[in-house]
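Take a walk through this model, one site at a time. Burial, contacts and helix packing are the topics.

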Amino acid sequence: MATAGLQSIEECRLEEQVSLDGLKTASERNKWGQFATPTALALSLARYAHTILGNQAVRFLDPAIGTGSFYSALREVFPLGNIDAARGVELDPLFVNAAMKLWAEQGLRITEGDFTRQPLPDRRYNLVLANPPYVRHHHLSGEDKDRLKAKLLQSLRLEMSGLAGLYCYFMLLCHDWMEEQGLAIWLIPSEFMD
């Protein structure tokens, strides 16, 4: 993979995405909150981020990396020399393995695990591009809800409704991972406005 061009890696990523999606039923993907980001949308959001950040050094984070659609878009839009750091976190081991095969030699540091349980980084990030897991509140255990609510209360002094989906916790907990004046672009369901 190290010598393959970015376009070739993206083609492999798309094939891997289709393959992984086919391993789970729609119901299983729903419980995991796994909904793939279309390439064109990831590119559009990365281009928008570039118009805001310009040519400053980028410290990129995707807390639900999947196969790396946003990292692929970042690599296409931002000059490689401007990417100071890149990190992805992913819970599903199948996606972790796929992302590592695709991106480990391309500058992306991948952590396997639950983003909401990760220790805070030593250095914060200035760009988050993410499609967080759309896990509805009824798929979260009472123990997980209590843990996440307590974490938000400690971090942001914010009380969260028990009806919040997992993506809400991702967005709010990510605040502690970001630099001041950092940019975060999230793909979230329209129910957020409710």
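Is Thr37 buried or exposed? The model is a predicted one. In it, Thr37 has a relative accessible area of 10%. The cut-off for buried is under 20%, so Thr37 is buried. It sits in a loop, the one that links α2 (26-32) to α3 (39-53).

What surrounds Thr37? Set aside the neighbours within four places in sequence, and the contacts of Thr37 are Arg13, Ala42, Ser69, Phe70, Asn131 and Leu187. One of these partners, Asn131, also makes a polar contact with Thr37: their side chains are joined at 2.9 Å.

Now cross to the other side of that polar contact. Asn131 lies in a loop too, between β4 (125-130) and α6. Its relative accessible area is 18%, so Asn131 counts as buried. Which backbone oxygen does the Asn131 side chain reach? That of Phe35, at 2.8 Å. The side chain of Asn131 therefore appears in two listed pairings: with the backbone oxygen of Phe35 and, at 2.9 Å, with the side chain of Thr37.Beyond its neighbours within four places, Asn131 is in contact with Phe35, Ala36, Thr37, Ala64, Phe70 and Leu187. Ala36 shows how the chain folds back here. Asn131 and Ala36 are 95 residues apart along the chain, and their C-alpha atoms are separated by 8.0 Å.

Next come the helices. Two packed helices are described by the angle between their axes and the distance between the axes. Start with α3 and helix α4, which covers residues 69-77. How do their axes cross? They come within 8 Å, at roughly 50°. Oblique is the class for angles outside the parallel, perpendicular and antiparallel ranges, and α3 and α4 are therefore oblique to each other. The crossing of α3 past α4 is right-handed.

Which residues make this contact? From α3 come Ala42, Leu43, Leu45, Ala46, Arg47 and His50. From α4 come Ser69, Phe70, Ala73, Leu74, Glu76 and Val77. By type, the contact has 8 nonpolar, 2 polar and 2 charged residues. Ala42 on α3, and Ser69 and Phe70 on α4, are part of this packing. Ala42, Ser69 and Phe70 also appear among the contacts of Thr37.

Helix α4 has another partner, α1 (residues 6-22). The axes of α1 and α4 are 11 Å apart, at an angle of about 165°. Angles over 145 degrees count as roughly antiparallel, so α1 runs roughly antiparallel to α4. Their crossing is left-handed. On the α1 side, the residues are Leu6, Glu10 and Arg13. They meet Ser69, Ser72, Arg75 and Glu76 in α4. What is the make-up of this contact? It divides into 1 nonpolar, 2 polar and 4 charged residues. Arg13 of α1 belongs to it, and Arg13 is also in contact with Thr37.

Move on to helix α7, residues 166-173. How many of its 8 residues are buried? The count is 7, and the helix is mostly covered. The buried residues are Leu166, Tyr167, Cys168, Tyr169, Phe170, Met171 and Leu173. They pack against α6 (142-156) and β5 (178-186).

The loop between α6 and α7 holds Met160. At 15% relative accessibility, Met160 is buried. Leaving out neighbours within four places, Met160 is in contact with Lys149, Leu152, Cys168, Tyr169 and Leu172. Cys168 and Tyr169 are among the buried residues of α7. Met160 and Asp146 are 14 residues apart along the chain, with 9.9 Å between their C-alpha atoms.

Arg157 lies in the loop between α6 and α7 as well. Is Arg157 buried or exposed? With 69% relative accessibility, Arg157 counts as exposed. Its backbone deserves a look: phi is positive, about 55°, although Arg157 is not a glycine.

Gln181 also has a positive phi, about 65°, and is not a glycine. Gln181 is found in strand β5. Its relative accessibility is 76%, so Gln181 counts as exposed.

Terms used:
Residues numbered from 1 in each chain as written. Predicted model: local features only at pLDDT ≥ 70, side-chain atom pairs only at ≥ 80, totals over all residues. Heavy atoms only, no water. Helix = DSSP H or I, 4+ residues; strand = E, 2+ residues; numbered from the N terminus. Buried < 20%, exposed > 50% of the residue type's maximum accessible area, 1.4 Å probe, protein only. Polar contact = N/O pair within 3.5 Å; in protein donor to acceptor, adjacent residues only side chain to side chain. Contact = heavy atoms within 4.5 Å. Axes fitted to C-alpha atoms, helices over the stretch in contact; angles between N-to-C directions. Parallel < 35°, antiparallel > 145°, perpendicular 65-115°, else oblique. Left-handed = near helix turned anticlockwise from the far one by under 90°. Nonpolar A, V, L, I, M, F, W, Y, C, P; charged D, E, K, R; others polar.
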